Amino acid sequence: MIPETTSGSYLLPTEAYRSADWLERELGELFTARWALAAASEELAEPGDYVAVTVGHAPLLVVRGADGGLRAFHNLCRHRGMQLLTGTGRCERTIDCFYHQWRYGLDGALQVVPQRREQFPDLEPSDWGLLPATVGEWEGMVFVHPDPAASPLADAVAGLAANLGSFRPGALRQVATAHLDARCNWKLFVENHIDVYHLWYLHERSLGDFDHTRFEHRQVGADWFSYEPLRHDDLAGAELTSGTVAIGHLDGRDRHGLGAHLVFPNLMVATAAEFVATYVAVPVAPDHTRIELRVRAEPDADADQLLAAVQSFIVEDIEACERVQATLASPAFGVGPLAADHEAPITAFHRNVLAAVGAS
């Protein structure tokens, strides 16, 4: 019988990438218990602007209130549990349920119940407002958590804030977005992101101007942060985005290098001389992931060029991950020895996943 793996460093079994039961545990125990990136602050600029997202098993909505503040709620009507809003848009004055026309204020308070006097004589509106979630803003980005008593967002992004160098995403604008489809498990995409070993080979062209031999990386709790410089210091910026507008506030190190980071479990960040990109691996099915990509840059940057530059290496990553997913069902599938340093972050990631879902 062929062993499932031959590596003592690759800790997750193949069922973790193929099983609906595994994904169910991750959605319920890993994702629903953490902050998630929902939108850019400028997407929620005016009263009534909203975005609907799902965090783990929890459909949530974030809305800008009449008082200018952001609020988050569970995205379900208190009457019959109908999903209230989808996508992004603007509510004029109320959040309306199209099923039976229960209406809520932008503050979540129940305002209108049709036929209330006849059909709901004992209903007290103050008891049936939208259920709250937690929302926070950091550096021009809006995050949401299903728990109304969640720990502060500042705690969740502390590692990222401390390891971004001179980058200040809040001083930039979101100039481009994209949703990419990956026919692979979300963990394969994250593992690829924190794999240093593949940079020389898979990204020979797209990231060929960077000196992988001087790659620096470190684990900070469950998060991971890295940096690598350009091969030639006389280059003004990364070749993958040459000709576009460099970020004005960067120091010399960040003008001449590339950062790649992971905020556990699935928020990935890439930084270069001209952009800060975030891409979230959202599980759709055991073998299907949606990559939600956002690019922040100077307001006059060439958005199309920047988006193409970031996608150039992400598309390579997706193809690699899909090819691994395609072999997982094989009775011959196995994982060999991992690179001692360059793939060590994968082992740490596995430990954190196992701890979060209560597995050993």
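Trainee: Is the crossing of α6 and α9 left-handed or right-handed?

Mentor: This is a predicted model, in which α6 spans residues 186-193 and α9 spans residues 344-356. The two helices pack with their axes 9 Å apart, at an angle of about 145°. Their crossing is right-handed.

Trainee: Which residues in α9 are met by Trp186, Lys187, Val190 and Glu191 in α6?

Mentor: By class, the contact between the two helices has 5 nonpolar, 1 polar and 2 charged residues. From α6, Trp186, Lys187, Val190 and Glu191 take part. On the α9 side they meet Ile346, Phe349, His350 and Val353.

Trainee: Which helix gives the most to the largest nonpolar core?

Mentor: That core has 59 residues, and those touching the most other members are Phe189, Tyr279, Leu293, Val295 and Ile314. One helix, covering residues 303-327, gives the most, with 7 residues. It is helix α8.

Trainee: Which residues does isoleucine 314 touch, not counting those up to four places away in sequence?

Mentor: Ile314 is one of the core residues that touch the most other members. With its neighbours up to four places away left out, isoleucine 314 touches Leu180, Phe189, Tyr279 and Leu293.

Trainee: How many residues are in the other core, which lies apart from this one?

Mentor: Its members include Ala150, Leu164, Phe225 and Val276. The size of this other core is 21 residues.

Trainee: Where does pLDDT stay under 50?

Mentor: The protein chain averages a pLDDT of 94, and 95% of the residues score at least 70. Where pLDDT is low, the predicted coordinates should not be read in detail. The stretch under 50 has 16 contacts beyond four places in sequence, and it is residues 236-240.

Conventions: Residues are numbered from 1 along each chain as its sequence is written. This is a predicted model: local features need pLDDT of at least 70, side-chain atom pairs count only at pLDDT 80 or more; totals for chains, interfaces and linings use all residues. Side-chain values use heavy atoms; hydrogens and water are left out. pLDDT is the predictor's confidence in each residue, from 0 to 100. Contact means heavy atoms within 4.5 Å. A nonpolar core is a set of buried Ala, Val, Leu, Ile, Met, Phe, Trp, Tyr and Cys residues joined through side-chain atoms within 4.5 Å. Buried means under 20% relative accessible area, exposed over 50%, partly exposed in between (1.4 Å probe, protein chains only). Helices (H or I, at least four residues) and strands (E, at least two) are DSSP runs, numbered from the N terminus. Axes are lines fitted to C-alpha atoms, for helices over the stretch in contact, and angles run from 0 to 180 degrees between N-to-C directions. A crossing is left-handed if the near helix is turned anticlockwise from the far one by less than a right angle, and right-handed if clockwise. Ala, Val, Leu, Ile, Met, Phe, Trp, Tyr, Cys and Pro count as nonpolar, Asp, Glu, Lys and Arg as charged, and the others, Gly among them, as polar.
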